[in-house]
Amino acid sequence: MTTPTTRQAPVTVRVFTQRFSSTPRGARLARRLALHQLDRWGIPYGSQVSDAVGLLVAELAANAVTHGRVPGRDFELALTYTPGVRLRIDVSDTRGERRPASVAAGSLDEGGRGLLLVDALASRWSVLDRVPVGKTVRAELDLGP
């Protein structure tokens with residue numbers, strides 16, 4: 001007697017990792033390449049997920065360039081996509097001592113709202129230590145029902 005087997009679809013995790021110069025141009029390129037990679041993975045431009053990821057990558061990359069920049073050092077973007085489950089965005093820089101914190105910005109302040117946007121769009125986000133130096137800001141989007 002044999003036990004019937006149930007077939008499960010294999011889970012394929014897709015990963016994209018790229019380093020960019022710590023400049024505004026590098027931050028823009030990170031956003032564009034992230035959206036291009038999502039399209040290659042079957043998440044079309046202009047979809048709700050694509051738009052959310054574009055905003056998250058833009059904000060996290062801009063923060064890495066503005067607040068985490070060390071001259072001569074790049075920042076890194078990593079996307080990890082598990083279809084139908086989760087999309088994770090990691091942006092790493094080399095300034096571990098400057099940690100982001102959510103702060104309510106005043107109505108006339110020109111900055112300070114970026115992490116409020118991240119908090120609103122991401123299912124969750126966190127700041128992790130990066131070995132050997134720096135930090136990683138991680139934002140995750142749950143894609144399940």
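# A tour of the salt bridges and helix α2

Start by selecting Arg86: at 33% relative accessibility, this residue counts as partly exposed. Keep in mind along the way that you are looking at a predicted model.

**Stop 1: Arg86 and its partner.** Now add Glu140 to the selection. Arg86 forms a salt bridge with Glu140, and the closest N and O atoms sit 3.8 Å apart. Color by strand and you'll see that this pair links distant parts of the chain: Arg86 belongs to strand β3 (residues 86-93), Glu140 to strand β5 (residues 135-142), with the two positions 54 residues apart in numbering. Is Glu140 buried or exposed? Glu140 counts as buried because its relative accessibility is 12%, and the cut-off for buried is under 20%.

**Stop 2: a second arginine on Glu140.** Leave Glu140 on screen and pick Arg124. Here is another salt bridge, Arg124 to Glu140, with 2.6 Å between the closest N and O atoms. This pair also links distant parts of the chain, since Arg124 lies in strand β4 (residues 124-129) and Glu140 in β5, 16 residues apart. Arg124 has 36% relative accessibility, so this residue counts as partly exposed.

**Stop 3: the network.** Which residues are linked in a network of salt bridges? Select Arg86, Arg124, Glu140 and Asp142 together and you have it. As background, side chains of opposite charge can pair when their charged atoms come close.

**Stop 4: Asp93 and Lys135.** Hop to another pair on β3 and β5. Asp93 forms a salt bridge with Lys135, the closest N and O atoms being 2.8 Å apart. Asp93 is in strand β3 and Lys135 in strand β5, 42 residues apart, so to speak a link between distant parts of the chain. Check the surface here: both Asp93 and Lys135 are buried. If you want to hunt for the rest, the structure holds eight salt bridges.

**Stop 5: helix α2.** Finish by selecting residues 48-67, which make up helix α2. The helix has 20 residues and runs 28 Å from first C-alpha to last, close to the 28 Å expected at 1.5 Å a residue. Show its buried side: the residues there include Val53, Leu56, Val57, Leu60, Ala61, Ala64 and Val65, along with Glu59 and Asn63. What do the buried residues of α2 pack against? Turn on α1 (24-40), β2 (75-82), β3, α3 (114-121) and β5, and you'll have the elements they pack against.

Methods. Residues are numbered from 1 along each chain as its sequence is written. This is a predicted model: local features need pLDDT of at least 70, side-chain atom pairs count only at pLDDT 80 or more; totals for chains, interfaces and linings use all residues. Side-chain values use heavy atoms; hydrogens and water are left out. A salt bridge is a side-chain nitrogen of Lys or Arg within 4 Å of a carboxyl oxygen of Asp or Glu. Helices (H or I, at least four residues) and strands (E, at least two) are DSSP runs, numbered from the N terminus. Buried means under 20% relative accessible area, exposed over 50%, partly exposed in between (1.4 Å probe, protein chains only). The expected span of a helix is 1.5 Å times one less than its number of residues. Contact means heavy atoms within 4.5 Å.
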